[in-house]
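Dear colleague,

I am handing over the structure we spoke about, and my notes on what was found in it follow below. Please read them with the coordinates open beside you.

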Amino acid sequence: MRKTIIIILLCIIQLGICTTINAAGIGTWNAYMAYHDVQQIAAAGDDIFVLASDNLYQYNKNDESITTYDKVRGLSDTKIKKIAWSKTAKRLIVVYENSNIDLVETNGEVTNISDLYTKSMTEDKTVNNITIYGKYAYLATGFGVVKVNMIDAEISESYILNENIEKIIIQDNTIFAKLNKWYVLKASVNDNLLDKKNWEKINYENEALFSEDLTDYNTWLPMVSQLKVDGPKYNHFFEMMFKNNTLYTTGGLHASAGMTMNYPGMVQVLQANDKWLIFEDCIDTITGYKYRDINCVDVDPNDSEHVFAGGRTGLYEFRSGKLINYYNMDNSPLRPAVDRGNELNNNYLMILGIKFDKDGNLWILNSQAKKANLFLIEKGTQTIKS
């Protein structure tokens, strides 16, 4: 009887473990992308594709659903540069910074065209712009023009013109490839465009011809701006710390010789409910000093709402994501970096390490000052001591 009870208990425990594992999705990946800064909008019938913060999402006007895309959910790459919709092919072309190409359908199907990305060539493959002409997408590149058949999902032709093409316009079967504000290359789309002799370089100063069509952007931006696509606000991540089933992240950087990235100051928190909390970040207007390159963070062991963060521009104290104190050379012993010449001020006051001890005291590393120092804020106080 005792053996039977033990076996039953083991089965219950095993079932509970399996259930927990399945619920947690162990063995699967998730991507947390920013969709904050709207860059392009492409209307696609009942759907709208939005390029925001170099990432892609889709909004359906009928059911108001939002579908996000990333490498976990279909895309072949990261850092999208340009998008454009073809009504004829009923596909969205997605071009990445590295010249990789995806075609996306409204049902979520993604087809990759990697030929340009994988092509070994000395010419500059950077894609500067996209022009849709029927089922074709014409890509303006650093070496010429690439013609993509969006129905057959293939590169039809590449025209190596040995010129950096900024933009392309096609009117009345004539293609105009802009070189700069003075010159364009002109050709008929019915000619053999592989032959450079069929391209004519002409003087052309009609900048209006190459004006970007912002109809979709201007039409849908007011609505898109109201959408709440969950995710971080910024794509930059540096230090991450997991405490209390919560992920705290910063987005600055500091390397040797004082190199910084000048990233906006940020503390972004992934909470247990899989929602993001963005700490107050318009701090420049509060302190009067730059808020940049936050690279360390720690949480009060006695109060999870009480958080400190440090970086290139001082020490910041938050409660529930709101700034409550800012420590600098004017109100504390913290000192600015000495290698900034006449810029000995709070814009270069390096806090590159902070840590709470088990008693709730905060230890602070003030780097690159005349004398590197370790400071302390004792539990329950707001005074920095050396």
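Strand β10, which spans residues 136-141, is mostly covered, since 5 of its 6 residues are buried. Please keep in mind throughout that this is a predicted model. On one side of the pairing scheme, β10 is joined by 6 bridges to strand β9 (residues 127-133), the two running antiparallel, and within that pairing V127 stands opposite T141. The connection between β9 and β10 is a hairpin with 2 residues between the strands, and G134 in that turn has a positive phi of about 65 degrees. β10 is also joined to strand β11 (residues 144-149), here by 5 bridges and again in an antiparallel arrangement, with L139 having V146 as its bridge partner in β11. A hairpin makes this connection too, leading from β10 to β11 through 2 residues.

For the wider setting, the chain contains 4 helices and 28 strands, and of its 386 residues 43% are buried. Among contacts with a separation of 6 or more, 44% are between residues 24 or more positions apart. The chain exposes about 20300 Å², of which carbon and sulfur atoms supply 49%.

Two backbone conformations deserve a look, as both concern residues that are not glycine. A153 has a positive phi of about 55 degrees and lies in the loop between β11 and β12 (154-160); with a relative accessible area of 22%, A153 is partly exposed. N244 likewise has a positive phi of about 55 degrees, and its place is the loop between β17 (240-243) and β18 (246-250). Is N244 buried or exposed? Its relative accessibility is 54%, so N244 counts as exposed, the cut-off for that class being over 50%.

On the surface, W363, L365 and L374 make a nonpolar patch of about 280 Å². Of these residues, L365 belongs to strand β26 (residues 362-367), and L365 is partly exposed at a relative accessible area of 38%, a value that fits its place in the patch because patches are made of residues with over 30% relative accessible area and no salt bridge.

Turning to charged side chains, a search of the whole structure finds 11 salt bridges. In one of them R292 pairs with D284, the closest N and O atoms being 3.2 Å apart; R292 is partly exposed at 22% relative accessibility, and D284 is partly exposed as well, with a relative accessible area of 26%. Another is formed by D303 and R319, whose closest N and O atoms are 2.5 Å apart. This pair links distant parts of the chain, 16 residues apart, with D303 in the loop between β21 (294-299) and β22 (306-311) and R319 in strand β23 (residues 314-319). D303 is partly exposed, at 22% relative accessible area, and R319 is also partly exposed, at 36%.

A further salt bridge brings together the side chains of K358 and D359, at 3.6 Å from N to O. Here K358 is exposed, with a relative accessible area of 74%, whereas D359 counts as partly exposed at 42% relative accessibility. Finally, E166, K178 and E207 are joined into one network by salt bridges that share partners.

With best wishes

Methods. Residues numbered from 1 in each chain as written. Predicted model: local features only at pLDDT ≥ 70, side-chain atom pairs only at ≥ 80, totals over all residues. Heavy atoms only, no water. Buried < 20%, exposed > 50% of the residue type's maximum accessible area, 1.4 Å probe, protein only. Pairing = 2+ DSSP bridges. Contact = heavy atoms within 4.5 Å. Areas by Shrake-Rupley, 256 points an atom, 1.4 Å probe, with all protein chains shown as cover. Patch = residues over 30% accessible without salt bridge, like charges linked within 9 Å, V, L, I, M, F, W, Y side chains within 5 Å. Salt bridge = Lys/Arg side-chain N within 4 Å of Asp/Glu carboxyl O.
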